[in-house]
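Open the model in your viewer and keep the selection panel at hand. The stops below say what to select and what is there.

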Amino acid sequence: MRELVKMMPSESELFDLSDLFKLFGDSSRLKILFVLKEGKELCVRHISECLGMSMSAVSHQLKPLRDAKLIKSRREGKEIYYSLDDEHVDELITIASIHISELEG
């Protein structure tokens with residue numbers, strides 16, 4: 001039993017993990033992550049057009065994703081382009097999608 005307790009993440013790690021999963025709990029943010037997963041790198045206008053959301057709504061949702069390092073940005077002239085931060089974010093989305101499809105299956 002003690003070995004199981006030793007394997008538990010710290011309270012701080014659990015808190016951070018909980019915060020990460022909360023970000024996935026919003027369908028607008030999930031839509032943005034999915035479109036970036038497929039589109040690779042898009043500006044706010046393109047994300048907005050793909051999702052039928054206003055540019056301000058998209059921008060509002062990008063901030064917490066960027067703060068959590070789920071997405072990254074780069075500036076090209078006046079445009080800012082967004083993409084998934086790394087392959088781990090892609091893997092999280094893919095694994096969750098597989099899990100859901102198995103539940104429905």
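## Stop 1: Lys37 and its partner

Select K37. This is a predicted model, and in it K37 is buried, because its relative accessible area of 15% falls under the 20% cut-off. Add E38 to the selection. K37 and E38 form a salt bridge, with 4.0 Å between the closest N and O atoms. Unlike K37, which is buried, E38 counts as exposed at 60% relative accessibility.

## Stop 2: R45 and E49

Go on to helix α4, residues 44-51, and show the side chains of R45 and E49. These two side chains meet in a salt bridge, 3.8 Å from N to O. R45 and E49 are four residues apart in α4, so about one helical turn separates them. R45 counts as partly exposed at 37% relative accessibility. E49 has a relative accessible area of 54% and is therefore exposed, the cut-off for that class being over 50%.

## Stop 3: R74 and E76

Select R74 and E76 together. Their closest N and O atoms are 2.9 Å apart, and the pair forms a salt bridge. R74 is partly exposed, with a relative accessible area of 35%. E76 is partly exposed as well, with a relative accessible area of 45%. Salt bridges with shared partners also join K37, E38 and D90 into one network, so D90 can be added to the selection from the opening stop. How many salt bridges does the structure hold? There are eight.

## Stop 4: strand β3 from E79

Keep R74 on display and select strand β3, residues 79-84, which includes E79. Beyond its neighbours within four places in sequence, which residues does E79 contact? They are C43, R45 and R74. R45 is the α4 residue paired with E49, and R74 is the partner of E76. To see how the chain brings separate stretches together here, draw a C-alpha to C-alpha distance from E79 to V44: they are 35 residues apart in sequence and 8.4 Å apart in space. At 31% relative accessibility, E79 counts as partly exposed.

Now move along β3 to S83. Is S83 buried or exposed? With a relative accessible area of 11%, S83 is buried. Show what surrounds S83: leaving out its neighbours within four places in sequence, the contacts are L36, K40, E41, L70, I71 and K72.

## Stop 5: helices α3 and α5

Select helix α3 (residues 27-39) and helix α5 (residues 55-67). Two packed helices are described by the angle and the distance between their axes. The axes of α3 and α5 come within 10 Å and cross at roughly 80°. That angle makes α3 roughly perpendicular to α5. For the side chains where they meet, select S28, R29, I32 and L33 in α3, then V58, Q61, L62, P64 and L65 in α5.

## Stop 6: the start of the chain

Finish with M1, in the segment before α1 (2-7). M1 is exposed, with a relative accessible area of 81%. Add L4 and M7, and switch on a surface. Together M1, L4 and M7 form a nonpolar surface patch, with about 440 Å² of accessible area.

Note on methods. Residues numbered from 1 in each chain as written. Predicted model: local features only at pLDDT ≥ 70, side-chain atom pairs only at ≥ 80, totals over all residues. Heavy atoms only, no water. Helix = DSSP H or I, 4+ residues; strand = E, 2+ residues; numbered from the N terminus. Buried < 20%, exposed > 50% of the residue type's maximum accessible area, 1.4 Å probe, protein only. Contact = heavy atoms within 4.5 Å. Patch = residues over 30% accessible without salt bridge, like charges linked within 9 Å, V, L, I, M, F, W, Y side chains within 5 Å. Areas by Shrake-Rupley, 256 points an atom, 1.4 Å probe, with all protein chains shown as cover. Axes fitted to C-alpha atoms, helices over the stretch in contact; angles between N-to-C directions. Parallel < 35°, antiparallel > 145°, perpendicular 65-115°, else oblique.
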